[in-house]
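Here are some short exercises, each with a worked solution. Try each task on the structure before you read on.

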Amino acid sequence: MKFDIKETVTGMLAAVKGSVKNDWKEVKETTTRFLEMNKNRYAKLAEYRITGKIDQENFESRLKDEKLMLEAEFNTLAIISKVMAQNAANAAFGILEKAVKTAIGIGI
């Protein structure tokens, strides 16, 4: 299966929206900007895993780092609590990880 970063980022946005629910209107624009700013880095990370340049353990370690960076970005939004920021980052990266696993044929 082919990996599509635009489709994946759209899925990540939907995951964040589902995570923050009633606060989506307030965070939509900033969240979209954060994910768009980071999109190329996410695509490169996915490419490295899909092509085998990094193994699953390294991929998961880097995903963890990326989640922490996105969570830090979310924490800059005064209206998002720490738990909401963690949940939003986890939801977004769950989509990225699933897309990469699907692309390389790993069962989920």
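**Exercise 1.** Find which residues leucine 35 is in contact with, leaving aside its neighbours within four places in sequence.

*Solution.* Keep in mind that this is a predicted model.
- Start by locating the residue: leucine 35 lies in helix 2.
- Next, list its partners: leucine 35 is in contact with Val9, Met12, Leu13, Tyr42 and Leu70.
- Then pick one of them, methionine 12: its C-alpha atom and that of leucine 35 are separated by 8.2 Å, while the two residues are 23 residues apart along the chain.
- Finally, check the exposure: leucine 35 has a relative accessible area of 0%, and so counts as buried, since buried means under 20%.

**Exercise 2.** Work out where the buried residues of helix 3 sit around the axis, and what covers them.

*Solution.*
- First look at the helix itself. Helix 3 runs over residues 56–75, which makes 20 residues. From first C-alpha to last it reaches 28 Å, close to the 28 Å expected at 1.5 Å a residue.
- Now mark its buried residues: Gln56, Phe59, Leu63, Glu66, Leu70, Glu71, Glu73 and Phe74.
- These residues cover an arc of only 150° around the axis, so they lie on the same side of helix 3.
- A general rule helps here: an α-helix has 3.6 residues a turn, so residues three or four places apart point the same way.
- Turn to the other side of helix 3, where Glu57 and Lys64 are exposed.
- To finish, see what covers the buried residues: the cover includes helix 1 (5–20), helix 2 and helix 4.

**Exercise 3.** Describe how helix 2 and helix 4 cross, and say which residues make the contact.

*Solution.*
- Begin with the axes: those of helix 2 (residues 24–50) and helix 4 (residues 82–104) come within 9 Å and cross at roughly 35°.
- The crossing of these two helices is right-handed.
- On the helix 2 side, the contact is made by Tyr42, Ala46, Arg49 and Ile50. Helix 4 brings Phe93, Leu96, Val100, Ala103 and Ile104.
- Sorting the residues of this contact gives 8 nonpolar, no polar and 1 charged.

**Exercise 4.** What is the phi of lysine 21, and is this residue buried or exposed?

*Solution.*
- Lysine 21 is found in the loop between helix 1 and helix 2.
- Its phi is positive, about 40°, although lysine 21 is not a glycine.
- For background, most residues other than glycine have a negative phi.
- Lysine 21 has 60% relative accessibility, so it counts as exposed, the cut-off being over 50%.

Definitions and conventions:
Residues are numbered from 1 along each chain as its sequence is written. This is a predicted model: local features need pLDDT of at least 70, side-chain atom pairs count only at pLDDT 80 or more; totals for chains, interfaces and linings use all residues. Side-chain values use heavy atoms; hydrogens and water are left out. Axes are lines fitted to C-alpha atoms, for helices over the stretch in contact, and angles run from 0 to 180 degrees between N-to-C directions. Helices (H or I, at least four residues) and strands (E, at least two) are DSSP runs, numbered from the N terminus. A crossing is left-handed if the near helix is turned anticlockwise from the far one by less than a right angle, and right-handed if clockwise. Contact means heavy atoms within 4.5 Å. Ala, Val, Leu, Ile, Met, Phe, Trp, Tyr, Cys and Pro count as nonpolar, Asp, Glu, Lys and Arg as charged, and the others, Gly among them, as polar. The expected span of a helix is 1.5 Å times one less than its number of residues. Buried means under 20% relative accessible area, exposed over 50%, partly exposed in between (1.4 Å probe, protein chains only). The arc is that of the directions from the helix axis to the C-beta atoms.
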